[in-house]
Amino acid sequence: MTKQQADKWVLFLRSYGPVAKNGSMYAEDIPELSKQYGVAELRFRHPAEDLVLNAVNPEVPSLTNMVLTGTAGDGKTTLCYALWQRLGGKVAEVWRRPYGMLTVNTPAGPQTVHFLFDLSGWAPEKGQPWSAHQLDLLDRFASSVNGTGKELFVIAANDGKLIQIWRNLAELHPESSAAKLRPDLDRMLAQNLGSVDGKLLRLINLSGTSTAELLHLALSSLLQRPEWACFETLADDPAYGSASPLKRNWLLLKDPLFSSRLCTLMELCDANGLHVPVREIYLLLVNVLLGHPAVNQHLMKAGDLRRVVADSTASLAAAHRNCFGDNLPRQKRDEYRVFGYLAMFRVGEETSNDIDNLLLFGRDNPDLHPEFVRLVESDVHYTPNAAFERLRLDYLGAEEFGEDHRTQFLAELSNERRRLFFRLPDQDGAHITPWQLTVFQSAGTFRHHVLDQLRSGKAVALHVVEGIVRGLNRAWSGMLIDDGTHLHLTSGLDSTTARLSPVSLHRVPVASNYYGEQITVAMGLRDRPQLIVYLLGQSVEYEMTLLRFEFLERISNGSLPNSFSRECYEDVIAFKSRLLAAWQRTQKSDPPQLRIVELDDHGMPREHTINL
Amino acid sequence: MELATILDPANILSRPPRNAEGYKTLSSWGEEQIWGHRLWHRQTPWLLFLEFLGIAEAMLRADRLFVSDTARSIITYRLHQRIALRNLLFNNALLSRINESPGADSVKWDAWTKWMNEECEPHRGLDFGYLRQRFAKFGDFARTIELLRKTVLEPGTNRRWSSRFLFPFGQHALYEDLDITGAKAERQAINFGRAGDLLYMMLSRSSYTTELRALFADLLRLPNIPDKMVAKLLPPAGSEDLSGERTGGYLPYKSHPAYDRLAKDWLSLLRLSLPSRDAYAHVVPLAALHLLLYQMETAAAWCGRPAAPVYVCEIIAPKMEFVRQRALRSYLDNDGLPRLALEALARITMNGTAWDATANNPSLITDAERVTEAVHYLEDVLWLDPKEAAGAADLQEFKSLVLRRLHDKLDDNNGLLHSAYGRHCGLISKRGARSYRYAPTDALLKTLVLANVKDRIEFTEFLSLLFRRYRLVFGPVEASIALPVEEFEETPFRKNIDRLEERFRSMGLLNRLSDGVAYVENPFSGGL
């Protein structure tokens with residue numbers, strides 16, 4: 001591999017990063033750059049590819065229309081081209097065109113398939129009139145969806161654009177049959193339904209794909225590239241030698257501990273209902289490799305690599321900084337959802353005494369030193385951070401430690417914590433875990449005891465469910481109930497959601513009772529865990545996101561409901577309202593007694609009855 | 001309905017007789033002519049609702065709930081006084097001491113009954129001995145009182161004991177406001193200032209009376225645990241204490257856009273799948289919002305404006321910026337509207353044929369004669385106290401004197417209502433800034449979603465709905481319609497709705513798909 005080839009590779013990679021480009025034409029721009037640089041595109045087989053290809057399969061007798069939707073950058077256009085090719089079309093024929101049409105042979109005879117590769121590029125702009133041809137085509141789409149048409153349609157659009165266009169259509173042509181599809185489209189999108197009864201329509205939402213899986217695939221596709229041979233053949237070039245930040249970051253990405261921690265972060269995003277599109281995943285990975293705060297557009301080219309090695313600022317390009325977009329100005333960082341999601345974890349801004357002791361005193365304190373060596377110094381990628389080391393010594397020794405000094409020290413300390421975050425083993429029950437460095441202190445428990453269990457088809461352990469239930473009991477009653485074996489449905493006399501709710505209405509056991517009442521955690525829609533309360537013949541579900549789990553865990557462990565987040569509190573109270581409404585439906589008449597919950601010395605609820 | 005048609009003479013009811021109870025002491029008939037008798041700025045949303053509910057209960061008892069009779073300008077009703085209940089709850093200082101004292105239950109009952117029979121105000125010889133048979137233990141009785149006391153409304157306020165109110169569980173928990181001192185118990189208009197009457201009549205004149213009747217009959221009559229607890233404290237049947245015949249408030253307009261808007265919102269809220277009476281938490285503040293809208297819309301009609309005013313709402317931004325300036329401006333503009341309406345009324349009254357025929361009659365020679373005629377005329381049409389208009393040298397001076405009197409009264413009540421009700425319902429606030437402006441609270445935003453969204457609605461469509469129904473302006477589309485070109489900028493309003501979207505999302509009321517589409521969702525519509 002020549003230096004020139006390697007430099008081009010870096011330049012090509014950089015175009016995937018957070019640099020200025022025409023975002024909406026991404027799928028079309030990258031192939032051209034690829035041709036220009038003579039470097040193959042970064043690519044992996046999308047997990048939904050088979051789903052898309054099989055959705056419109058001429059060999060299957062019952063053909064259906066398809067709407068392919070997702071976030072910008074999820075790969076809709078690419079998948080549409082793949083389908084177009086599979087049905088016999090050539091990509092060159094439709095390149096950069098929003099519409100194409102072909103005929104396929106089916107067992108029932110030849111059939112026309114219309115492709116709208118980019119609905120928003122095809123439909124009129126807001127405020128512009130619809131042409132008769134456009135209206136006619138969408139009306140034919142509607143007929144086909146309603147089972148009366150003879151043609152098929154494949155439509156790709158971001159879900160936002162899809163709704164905007166249909167809203168616009170409904171305003172200008174409310175009587176068109178296309179406009180009347182709006183309620184069904186709304187329902188399918190909002191409730192994430194793949195199909196609805198009576199409609200020949202398949203909706204595939206690429207935003208439903210697991211981000212963790214996409215990251216995993218993107219990472220392998222990136223790391224397996226032959227171009228990385230540059231580190232072997234050009235080892236003497238500072239851009240690719242052992243001091244190169246690119247090489248170090250590449251080695252880190254290859255390090256199973258680092259990459260699996262990154263995947264876990266994405267897995268937890270999934271569990272919070274947050275999705276990152278493919279484009280931003282590559283953007284993140286390229287930013288990890290090439291980010292640097294002090295170069296043009298904050299991403300290094302080969303020349304920058306040589307320079308930062310020469311002027312010893314390579315440590316500013318550390319992966320644990322780039323990963324959170326530290327190299328980018330705030331405004332730039334805010335443009336990308338991936339950095340917003342990662343910032344939500346507040347990695348390095350939270351900590352525990354054990355971890356800070358290790359970072360501050362571990363090097364010198366004989367008691368801490370063994371653990372310091374094991375967790376910090378043994379890191380093969382570890383290079384001492386001179387700036388932090390200086391500040392640390394100042395902090396420990398200096399008599400005067402001014403405000404500026406202090407701010408710098410805290411910033412560097414937080415960076416060291418971030419580095420450690422990617423380094424600490426995630427062992428259940430260990431006294432130091434990476435999650436102590438995040439706002440989601442219970443993320444480890446959530447992963448090990450909820451996600452992993454459910455994915456391997458096992459039940460969530462009773463004590464975990466009881467922890468959730470205890471949290472709910474405390475938030476709902478306003479009392480420090482120490483019972484997780486039953487969910488106590490309590491109410492205030494006036495409002496059922498009163499902060500102090502001592503009136504006992506009903507209780508549901510965690511373990512099933514004679515009436516089939518019980519509480520479980522199971523996998524729900526889109527592989528997301530949910531808490532299910534089976535209550536007198538009904539079931540009420542509550543999606544168990546990481547955020548909700550964290551909140552309930554904290555309350556369960558003694559925090560006050562409002563100390564973590566008022567919003568979470570409101571959310572948990574809204575669940576109470578839904579559950580009480582379900583309970584109320586089962587009540588034919590009022591009970592003859594009023595039962596008031598009081599706590600005994602052990603925090604166990606005791607009921608006091610007043611006859612009415 | 002066109003705004004101007006509100007003032008069509010055929011749409012305006014004749015005013016009540018001047019000697020009707022509650023109308024005798026009025027200082028003038030200015031504000032009343034415009035907004036009715038009366039909007040009362042010191043009435044909090046809960047007091048509004050309680051006053052309304054008390055009337056609804058009385059009308060249900062009389063089998064006339066929400067029956068509108070525009071042949072009569074005011075209604076009459078008899079309210080519960082519940083002297084025993086309010087003494088038990090709020091004038092019962094010895095209860096906990098007796099309960100905690102050692103000794104047998106019978107001793108406690110004896111001591112407490114003797115004490116209460118003497119202490120009860122007004123002293124009407126009520127014997128509280130009936131309670132002994134109703135409770136198995138004295139402790140249960142004490143606990144019942146204690147639990148009910150915790151549901152007292154607006155506990156932070158410093159009201160006398162006879163003006164404290166229970167949460168309205170049902171018919172037994174309702175009673176009128178009384179000033180009880182010693183042997184006297186008199187009706188008061190400080191807490192219940194008749195705005196609840198207006199609310200009742202607005203609903204009676206809406207197109208939804210049938211649905212409302214069914215809902216409120218259930219809310220008032222269906223037994224429920226706390227209402228049974230209250231009932232258990234009431235004296236035996238037969239000793240029912242009803243007030244004398246009370247006259248209701250006067251609402252001038254037979255029809256008004258505010259009536260259906262209020263009725264529809266209340267119906268939507270009461271039909272949600274919220275448990276028990278949880279919907280009240282939304283119904284109550286919304287009552288204040290609707291009265292505010294009624295006041296503003298009516299004022300705009302009197303000022304001859306083609307449309308109701310708009311309310312530019314800031315979703316609180318970290319610093320002073322464009323939308324806040326517009327919100328401040330919009331607040332100040334609207335705050336002055338009642339004054340302009342009153343001036344319009346004065347102008348109409350002291351001009352035109354009737355005026356020319358009396359005060360300006362060419363047969364009158366001296367200024368003094370003209371002023372005397374004017375005083376008589378206004379005493380008749382504006383119920384003006386002649387003493388208040390005395391001393392004017394000529395008609396010009398007389399007119400400004402009258403205007404000053406009207407202003408004075410406005411400054412004490414209707415001029416304060418917009419700000420007071422706005423703050424009560426969460427539309428107006430000073431949060432994050434130095435002055436009042438429209439900056440809706442999370443609670444009000446949530447209420448608006450619950451009242452207006454069936455299942456789900458696309459976010460921008462929701463914004464346009466809020467503008468259509470309430471004239472609330474949040475985003476650029478509505479602002480570009482509502483504001484003059486020179487006062488409009490796209491970007492700050494776009495940021496404003498970005499913040500609104502974030503508020504909704506954090507309250508669990510918004511489902512964001514991607515790239516610019518989000519649905520506002522009502523978690524309590526329909527099933528689970």
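**Figure 1. Where chain B meets chain A.** In this predicted model, 37 residues of chain B are in contact with 34 residues of chain A. On the chain B side, helix 7 (138–149), helix 10 (225–233) and strand 8 (456–458) each chip in at least two of the residues that touch chain A. Sorted by class, that side of chain B has 18 nonpolar, 10 polar and nine charged residues.

**Figure 2. Chain A as a whole.** Here we step back before zooming in again. Chain A has 27 helices and 12 strands, and its C-alpha trace spans about 80 × 80 × 45 Å along the principal axes. Of its 612 residues, 42% are buried. Take the contacts in chain A between residues at least 6 apart in sequence, and 61% of them turn out to join residues at least 24 apart.

**Figure 3. A three-stranded open sheet in chain A.** The strand order is 8-9-10, with antiparallel pairing. Strands 8 and 10 of chain A sit at the edges with a single partner strand each, so one side of each has no neighbour in the sheet. From one strand to the next, the twist averages 25°.

**Figure 4. Strand 8 against strand 9 in chain A.** Strand 8 (residues 518–523) runs antiparallel to strand 9, and six bridges join the two. Two pairings are worth picking out: A:Gln518 stands opposite A:Tyr534, and A:Val521 has A:Leu531 as its bridge partner. The two strands form a hairpin with five residues between them. In that turn, look for A:Arg526, which has a positive phi of about 55°.

**Figure 5. Strand 9 against strand 10 in chain A.** Strand 10 (residues 538–543) pairs with strand 9 over six bridges, again in the antiparallel sense. A:Tyr534 turns up here too, with A:Ser539 of strand 10 as its bridge partner. This hairpin has two residues between the strands, and A:Leu536 takes a positive phi near 40°.

**Figure 6. The two faces of strand 9 in chain A.** Side chains alternate along this strand (residues 529–535). One face carries A:Pro529, A:Leu531, A:Val533 and A:Leu535, and these are buried. A:Gln530, A:Ile532 and A:Tyr534 point to the other face and are not buried. Two residues from the earlier close-ups fit in here: A:Leu531, the bridge partner of A:Val521, is on the buried face, whereas A:Tyr534, which stands opposite A:Gln518 and is paired with A:Ser539 in strand 10, points to the other one.

Technical notes. Residues numbered from 1 in each chain as written. Chains lettered and ligands numbered in written order. Predicted model: local features only at pLDDT ≥ 70, side-chain atom pairs only at ≥ 80, totals over all residues. Buried ≥ 20, exposed ≤ 12 C-beta atoms within 10 Å, placed from the backbone. Helix = DSSP H or I, 4+ residues; strand = E, 2+ residues; numbered from the N terminus. Pairing = 2+ DSSP bridges. Axes fitted to C-alpha atoms, helices over the stretch in contact; angles between N-to-C directions. Contact = placed C-beta atoms within 7 Å. Nonpolar A, V, L, I, M, F, W, Y, C, P; charged D, E, K, R; others polar.
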